[in-house]
Amino acid sequence: MTSPVLNVSGLKIHFSSGEGVIRAVDGIDLVVNENETVALVGESGCGKSLTSLALARLVSGPGLSITGRIQVAGSDILGLSEPELRKLRGATLAYIFQDPTAALNPVKRVGDQIAEVIRRHRKVANVNDEVIRLMKLVGLPNPETRRRAYPHQFSGGMQQRVMIAMALACHPRLLVADEPTTALDVTIQAQIFNLLNDLQSELKMAVLLITHNLGLVARNASRVYVMYAGRVMEAGPVMSVLKSPAHPYTKGLLAAVPRLNKPVDRMVGIDGTVPHPARLPPGCRFNPRCPMAGELCRSAEPGLERVEEGHDVRCHYWKQVR
C-alpha cells in the first residue's frame, strides 16, 4: 500500500479582520492517491479554491494563519522554506487555473512560457523540441509555428491546452485542476477532460478537481468532498454520494442540476446564501438554509459520522435524508 500523494489533515485557513476572525477553511481532511481523481465541490465562497491554493502555500493576506498538516508526495508543505517551495511548485505539484487568459502572460510567446517551466525544473537536451512535444501531446496543431504565437492568438480551449502543457511539463505527482473548463463549451470541456484522463493514465498522476459542476464530477472523479462554509459536509465514493446523498446540502446541489428528461417551469435552488466566514451561525453551518433543521441543528454542530464504508457525513439527521 503506497502512501497518498496528497494528505491534508485538520487544515484551517483563518484571517484576522476588523469583523473578527474570518474562518475561511475551518478544519478539513483530504486525501488523494496516485492515479486517482478526487473532486472538491461546493458553492462559490465555500473555501474550495482557497484550499487548493494553500496546498502550495499560495495564499496571502492580512492576519493569515494556516494550521494543520499538508503533505504532498511526502513533503510537509507548512514546514518548507521558500526556496524549497519554489522547487516543488510546478514540478511535484502543478496547477491548471480557472482563467487561462489571466494566468498566461499576454506579452510572452506561449512557447517561451512553456519553456520557462522546463528550464526551471528539468534538464533536457533541447528545450524547443520538448516544447513542441508537449504542445503535440495536448493536441495543439502546428506546434512548430504556434509556439511563437501570443496567448491572444489562441481560442479559449487552445489557451487551456497551453496551460495543461505547462502543468504537465515536469510530470507532476499532483495536478490541481481549479475549474479547468470554466467558460468553455461542452464539446471543448469533453476534449479537455479526455486529454487529462489519458495523460493521468500515462503519468500516474493524482488529480484534485475543484468544481461546482456535478456532471463533471460524475464523469471524471472516483471520490468527492462536498464543502460548505469552510467545512466538509459529506465525503465518499462519487456514485454513493451522488445517487444516495446523506446531507441536505448535497441533496440541494443535486436538485439544482437541470435534467433534460424532466422539463420544469422554474429552476430549483437552495434558499439563502453562504454565510460570511466571520459571522457563522451557531450549530450546523447549513441550518439557516436547511429544510430539515431542528433545535439540535441550531445549538450543536454535528461531527462527521460514518454512513457506510468510505462515506461520511456531517448531519444530525442524515438517516432521514437518505
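**Group meeting: a walk through the model**

Let's begin in the middle of things, with strand β7: Leu174, Val176 and Asp178 point one way from β7, Leu175 and Ala177 point the other way, and all are buried. Before I go on, please keep in mind that this is a predicted model.

So β7, residues 174-178, is mostly covered, with five of its five residues buried. What are its partners? Strand β6, residues 93-96, runs parallel to β7 and is joined to it by four bridges. If you want to find that pairing on screen, look for Leu93, whose bridge partner in β7 is Leu174. β7 also runs parallel to strand β8, residues 206-211, and here there are five bridges. A handy marker for this second pairing is Val176, which stands opposite Leu208 in β8.

Now follow the chain out of β7. In the loop between β7 and α8 you will meet Thr181. Is Thr181 buried or exposed? Its relative accessible area is 3%, so Thr181 is buried. Setting aside neighbours within four places in sequence, Thr181 is in contact with Gln160, Gln189, Ile192, Phe193 and Leu216. Take Phe193 from that list: Thr181 and Phe193 are twelve residues apart in sequence, and their C-alpha atoms are 8.6 Å apart in space.

Let's turn to the cores. The largest nonpolar core has 39 residues, and Ile114, Val162, Ile164 and Leu175 have the most contacts inside it. At least two residues of this core come from each of β6, α4 (110-121), α5 (127-137), α7 (156-168), β7, α8 (186-203) and β8. Which element gives the most to this core? That is α7, with eight residues. As for Ile164, if we do not count residues up to four places away in sequence, Ile164 touches Ile96, Val138, Ile192, Leu195, Leu196 and Leu199. There is also a second, separate core of 36 residues, which includes Leu6, Leu40, Met227 and Val232.

One of the helices I just listed deserves a moment. α4 has twelve residues, and from its first C-alpha to its last it reaches 18 Å, close to the 16 Å expected at 1.5 Å a residue. Its buried residues are Val110, Gly111, Gln113, Ile114, Ala115, Val117 and Ile118. What covers the buried residues of α4? The cover includes α5, α6 (143-146) and α7.

Over to the other sheet I wanted to show you. This is an open sheet of four strands with antiparallel pairing, in the order β2-β1-β4-β5. At its edges stand β2 (20-32) and β5 (75-76); each has a single partner strand, so one side of each is left without a neighbour in the sheet. Further in, β1 (residues 6-17) and β4 (residues 65-72) pair in the antiparallel sense over seven bridges. You can find the register from Asn7, which stands opposite Gln71 in β4.

Now for the rings. A search of the whole structure finds four aromatic pairs. Tyr95 and Phe97 have ring centres 5.2 Å apart and planes at 0°, so the pair is stacked. Tyr95 is buried, with a relative accessible area of 10%, while Phe97 is partly exposed, at 32%.

Tyr228 and Phe286 form an edge-to-face pair, 5.2 Å centre to centre with 85° between the planes. Tyr228 lies in strand β9 (residues 223-228) and Phe286 in the loop between α11 (248-255) and α12 (295-299), so the pair ties together parts that are 58 residues apart in sequence. Tyr228 counts as buried at 0% relative accessibility, and Phe286 is buried too, at 1%. Ring pairs link Tyr228, Tyr249 and Phe286 into a cluster.

Tyr249 brings us to α11, where it is one of the buried residues, alongside Pro248, Thr250, Gly252, Leu253 and Leu254. In other words, α11 is mostly covered, with six of its eight residues buried. Those buried residues pack against α9 (214-220), β9, β10 (231-237), α10 (238-243) and α13 (318-321).

One last stop, with a ring and a charge: the charged end of Arg146 sits over the ring of Phe154, 4.5 Å from its centre. Thanks, everyone, and I'm happy to rotate the model to any of these places.

Terms used. Residues are numbered from 1 along each chain as its sequence is written. This is a predicted model: local features need pLDDT of at least 70, side-chain atom pairs count only at pLDDT 80 or more; totals for chains, interfaces and linings use all residues. Side-chain values use heavy atoms; hydrogens and water are left out. Two strands pair if DSSP finds at least two bridges between them. Buried means under 20% relative accessible area, exposed over 50%, partly exposed in between (1.4 Å probe, protein chains only). A nonpolar core is a set of buried Ala, Val, Leu, Ile, Met, Phe, Trp, Tyr and Cys residues joined through side-chain atoms within 4.5 Å. Contact means heavy atoms within 4.5 Å. The expected span of a helix is 1.5 Å times one less than its number of residues. Rings of Phe, Tyr and Trp (its six-membered ring) pair if their centres lie within 6.5 Å; planes under 30 degrees apart count as stacked, over 60 as edge-to-face and the rest as tilted. A charge sits over a ring if NZ of Lys or CZ of Arg is within 6 Å of the ring centre and within 35 degrees of the ring normal.
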